[in-house]
Amino acid sequence: VSIGGVHLDGVCEGMPTGTPVEGWIALPGMARAYAFSGEILRTDASTGNTVLRFDDVEPETAGFLDRVATQRLH
C-alpha cells in the first residue's frame with residue numbers, strides 16, 4: 001500500500017487493464033475501512049497479483065496510508 005496505489009494478492013479476473021474500480025482498504029483487526037477509487041494498472045496471472053492506481057483518495061484515506069507506510073519503515 002502506498003499513497004499512489006496498492007498491490008493486491010490476487011488477480012481481478014475478467015477485468016482488463018484500465019478498468020475503473022472502487023473499493024475499501026482495511027487491515028486485519030481494524031474496525032474501520034477507507035474508501036478509494038482508481039484503475040487497474042496491471043495483472044500478472046503467473047504471480048497472482050494485481051496493481052491498482054488510486055485516482056481519488058480522500059484526505060482521511062491518505063492519512064491512513066501515510067501512517068501504514070510509516071509503520072512499515074520502523
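**Exercise 1. Which residues are linked in a network of salt bridges?**

Before starting, note that this is a predicted model, in which local features need pLDDT of at least 70, side-chain atom pairs count only at pLDDT 80 or more, and totals for chains, interfaces and linings use all residues. Residues are numbered from 1 along each chain as its sequence is written, and side-chain values use heavy atoms, with hydrogens and water left out.

*Step 1.* Fix the rule: a salt bridge is a side-chain nitrogen of Lys or Arg within 4 Å of a carboxyl oxygen of Asp or Glu.

*Step 2.* Start from Arg53, whose side chain meets that of Glu39 in a salt bridge of 3.2 Å, N to O. Arg53 lies in strand E4 and Glu39 in strand E3, so this pair ties together parts that are 14 residues apart in sequence.

*Step 3.* Look for another partner: Asp55 also forms a salt bridge with Arg53, with the closest N and O atoms 2.6 Å apart.

*Step 4.* Put the pairs together, and Glu39, Arg53 and Asp55 form the network.

*Step 5.* Check the surroundings, taking buried as under 20% relative accessible area, exposed as over 50%, and partly exposed as in between (1.4 Å probe, protein chains only). Glu39 is partly exposed at 22%, Arg53 is partly exposed at 32%, and Asp55 is partly exposed at 46%.

**Exercise 2. Find the salt bridge of Glu60 and say where its two residues lie.**

*Step 1.* The count for the model comes to 3 salt bridges. One of them joins the side chains of Glu60 and Arg32, at 2.3 Å from N to O.

*Step 2.* Glu60 sits in helix H1 and Arg32 in the loop between E2 and E3, so the pair links distant parts of the chain, 28 residues apart. Glu60 is partly exposed, with a relative accessible area of 42%, and Arg32 is partly exposed too, at 39%.

**Exercise 3. Describe how the strands are arranged.**

*Step 1.* List the elements, where helices (H or I, at least four residues) and strands (E, at least two) are DSSP runs numbered from the N terminus. There are 1 helix and 4 strands, and from the N terminus on they run β-β-β-β-α.

*Step 2.* Find the partners: two strands pair if DSSP finds at least two bridges between them. The 4 strands form an open sheet in the order E1-E4-E3-E2, with antiparallel pairing.

*Step 3.* Locate the edges: strand E1 (5-9) and E2 each pair on one side only.

*Step 4.* Zoom in on one pair. E2 and E3 run antiparallel and are joined by 6 bridges; Trp24 stands opposite Ala35 in E3.

**Exercise 4. Explore the largest nonpolar core and pick out Val21.**

*Step 1.* A nonpolar core is a set of buried Ala, Val, Leu, Ile, Met, Phe, Trp, Tyr and Cys residues joined through side-chain atoms within 4.5 Å. The largest one has 11 residues, including Val21, Phe36, Ile40, Leu52 and Phe64.

*Step 2.* Strand E2 (20-25), strand E3 (34-44), strand E4 (49-57) and helix H1 (59-73) each supply at least two of the core's residues.

*Step 3.* Now follow Val21, with contact meaning heavy atoms within 4.5 Å. Leaving aside neighbours within four places in sequence, Val21 is in contact with Met15, Phe36, Ser37, Gly38, Glu39, Ile40 and Leu52.

*Step 4.* Finish with the whole chain: buried residues make up 28% of its 74 residues.
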